[in-house]
Amino acid sequence: MHLANLVQIIWSPTSLLLLTILGQTVIMGLAWGFVAEILLMEFLPLPDHIVDLIVEYQTILTLIVTLISTILSIITSMFFAYAIKKALRHHLSGPTTLFKIRTAMALSRLTWVMRWRSFKLSALTLAVFVIVTFLHTSWSTLLLPTLIQWPVPVTGTELDLGSNAFQQRLSGDLNSSQLNASQVAGYQMVNFFTLLSGLIAMYTQGGPDVQLNNMFNFNGVLYNQSTGGVLPAIQEYSGSSDPPSAVGLAFSGGEVPVNTNPDWGYFERDTGTHNGTMKSYTITQQGVTANVTCQLMDPSQNSFYLSNTTVLAASDITVQASPIVITVWNATANCSGSTRSLTYVTSNNSIISITGTSQNYGYTEGNAGPAIASSPQVISGDSTNYGDSTNPAIEGFLPIVVCPDPASISSTTPAIFQNKFDVFVAGEYKYNFLPTTICEVVPYLTTVNVTYSGGIISVDPIGTSPGSTNSSNLALLRYIASVVDFQAQSSQAMTNNPIGEFLTAYGKNDTSVMYNELENYWRGITEFASTQLRSGYSTPRVPSNMTKPINGTMYFTTYGWRSDSLTYIIVLVVTTLIWGVTVLAAGYSLIREKIKPSHPSFDYSDPVDLVMAASDGRLESGLCKGDRDKVEDIIVRFEDVPDDVGRIIRKRLVTVESEPLLKTALLESELYEE
């Protein structure tokens, strides 16, 4: 007996209405909270272990989300329909038309009706149908995680090549080192990579016929076309993990520390669970590049001279039974009053490059070849006769002179060379298509956007740094000039010059193309030299007075939810509307239940109950032959039918003005049939 009473209380209309309000509020409250968190956080990523499952089982994810969305849609729709039905049951207790009963049935069963004479009611049923149907889509949109790109701020510091502290330290190192033994490895590395960086930089303007790979690898880092004078600011792009070979100017490779960190914000506690499917970065950093202008030398402003002396090498050393005859060249450049001379040597079998004075003509270490006799025999010394010992069809000579001497660049250097230097180039023999050319190189600090994506670093200049071309950066200028000078002299190989070979292959028929390629070549060397310099002085740690702040964004690709205001506003409108109507309808029913409880056994939305009520009210005979539009306008009402003791046992449907309306309906029906 107690159990029966408990069940009766639980399943009473009041209890069910309260359960409807509570259930709908809880479910919609969770939806609102979820949307609010997405809108507040802007991005809501999933942990990596769930992302891995999604990537592996994409179809299963869709199935699970669809299943959950369907269940939630069914539950919320049931709450909505129950509240509507209870409210309309009380609303239909008074006089109404048959079409309004039909409308109430459609609303309770979440379907729609259409009658042009009752357009507003028809539109109401259609609107409810659309909103409830869209509810399932709303749940799917809300719950289905998608591939998002989550921007995470990145901040840190890097070496500031323009800082006074760094300039002073670099100046001291340049003055004290003078290419001592500890720097040999560093300069040998510079010699190789500057050549490579220059040639790759030339490729950017070389046209479609230049078949070179535009990727440049240095210290385990892959750059697109050029280093841009930057050092990797992201740990996974930092390159080599080996201990650094040395520091400063002697650096030739090894691990370089990175001092940047992502700002995870609210998700700081979960950083170990977010790696995503892919990451890319865009960091604003300090770079170094150069304005380079190459043109035909103007003899009225500058001059370039070549003189030679042909000598006989040691008589006991021969090549193919012939004694080796060499020609000693002296290349002299005069740039705005400053003079610089370099010595080169050619032989009857090859061309070699020698730096130093005329007393040292020996082969450089590692180059196979004979030594010159301690007392060479001078054969000729005509500065206009370059000799015929070299075959111009197979060998080329490309003397290059940097002016002024990089070692002389200081605060006392003429003002014109406080922020630039000149490079003189003249082609001989195979390279005689290149006239005497002067390239003005103006290095400067620049601000760049560095993109880290797919294991490749790409540099995009966006502007110069303040004070980037003034005399405070003399040490940097001197270093870049010395690297260019070192590369210019050492690029002359035994049988050719790689710069000349490139120009021969891709520019010999067009002077403007050659000038453009040379400009890119010296610019590429300038940028690489700056990257190498940053590497050496960023190891093991950069002092705080040599740093500058950098910032950027990590684009973190993963699965989750991203704030899309319009989408979630639509979802919120639908869910809030469903909740609001449910609560209002259930609240209205609760109030009416206290005033006049409804009969639990009668359901107007049940066709069987409605047919029985109409039959009990004797309407079937009068309505079956009437015109539908007229019949639907008949005003009816539900009456209680008591038993012998006065208890209500059922409902019957009767007309309020039954006789006139029925007669009119029947008459119109007969006229229609005739």
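**Salt bridges and backbone geometry in a predicted model**

Q: How far apart, N to O, are the side chains of Lys420 and Glu440 in their salt bridge?
A: In this predicted model, the side chains of Lys420 and Glu440 meet in a salt bridge. The pair links distant parts of the chain, since Lys420 sits in the loop between S16 and S17, Glu440 belongs to strand S19 (residues 437-453), and 20 residues separate them. The N to O distance of this salt bridge is 2.9 Å.

Q: Does Glu440 count as buried, partly exposed or exposed?
A: A residue counts as buried under 20% relative accessible area and as exposed over 50%. Glu440 has a relative accessibility of 32%, which lies between those limits, so the residue counts as partly exposed.

Q: Which residues do salt bridges that share partners join into one network?
A: The structure holds 6 salt bridges. Where such salt bridges share partners, they join three residues into one network, namely Arg340, Asp405 and Asp485.

Q: How many residues apart are Arg340 and Asp405, and what parts of the chain does the pair link?
A: The side chains of Arg340 and Asp405 meet in a salt bridge, with 3.9 Å from N to O. Arg340 lies in strand S12 (residues 338-347), whereas Asp405 lies in the loop between strand S16 (400-403) and S17, so that the pair links distant parts of the chain at a separation of 65 residues.

Q: What is the relative accessible area of Asp405?
A: The two partners of this salt bridge can be described one after the other: Arg340 counts as buried, at 9% relative accessibility. Asp405, in turn, is partly exposed, and its relative accessible area is 30%.

Q: With which residue does Lys420 form a salt bridge at 3.3 Å between the closest N and O atoms?
A: Lys420 is buried, with a relative accessible area of 8%. The partner at 3.3 Å also counts as buried, with 3% relative accessibility. That partner is Asp422.

Q: Which residue does a cis peptide bond join to Cys403?
A: Most peptide bonds are trans. The bond that follows Cys403 is cis, with omega at about 0°. It leads into the loop between S16 and S17, and the residue joined to Cys403 is Pro404.

Q: What is omega for the peptide bond from Thr539 to Pro540?
A: Pro540 is found in the loop between helix H11 (511-537) and strand S21 (547-562). The peptide bond from Thr539 to Pro540 is cis, and its omega is near -5°.

Q: Where does Tyr429, a residue with a positive phi, lie?
A: Most residues other than glycine have a negative phi. Phi of Tyr429 is near 55°, a positive value, and the residue is buried, with a relative accessible area of 13%. Tyr429 lies in strand S18.

Q: Where in the protein is confidence lowest?
A: The protein averages a pLDDT of 78, and 75% of the residues score at least 70. Confidence is highest in strand S17 (residues 421-425), at a mean of 95, and lowest, at a mean of 34, in strand S14.

Q: How many contacts beyond four places in sequence does the model have for residues 350-390?
A: Over residues 350-390 the pLDDT stays under 50. Where pLDDT is low, the predicted coordinates should not be read in detail. With that caution, the number of contacts that the model has for this stretch beyond four places in sequence is 84.

How values were computed. Residues numbered from 1 in each chain as written. Predicted model: local features only at pLDDT ≥ 70, side-chain atom pairs only at ≥ 80, totals over all residues. Heavy atoms only, no water. pLDDT = per-residue confidence, 0-100. Helix = DSSP H or I, 4+ residues; strand = E, 2+ residues; numbered from the N terminus. Contact = heavy atoms within 4.5 Å. Salt bridge = Lys/Arg side-chain N within 4 Å of Asp/Glu carboxyl O. Buried < 20%, exposed > 50% of the residue type's maximum accessible area, 1.4 Å probe, protein only.
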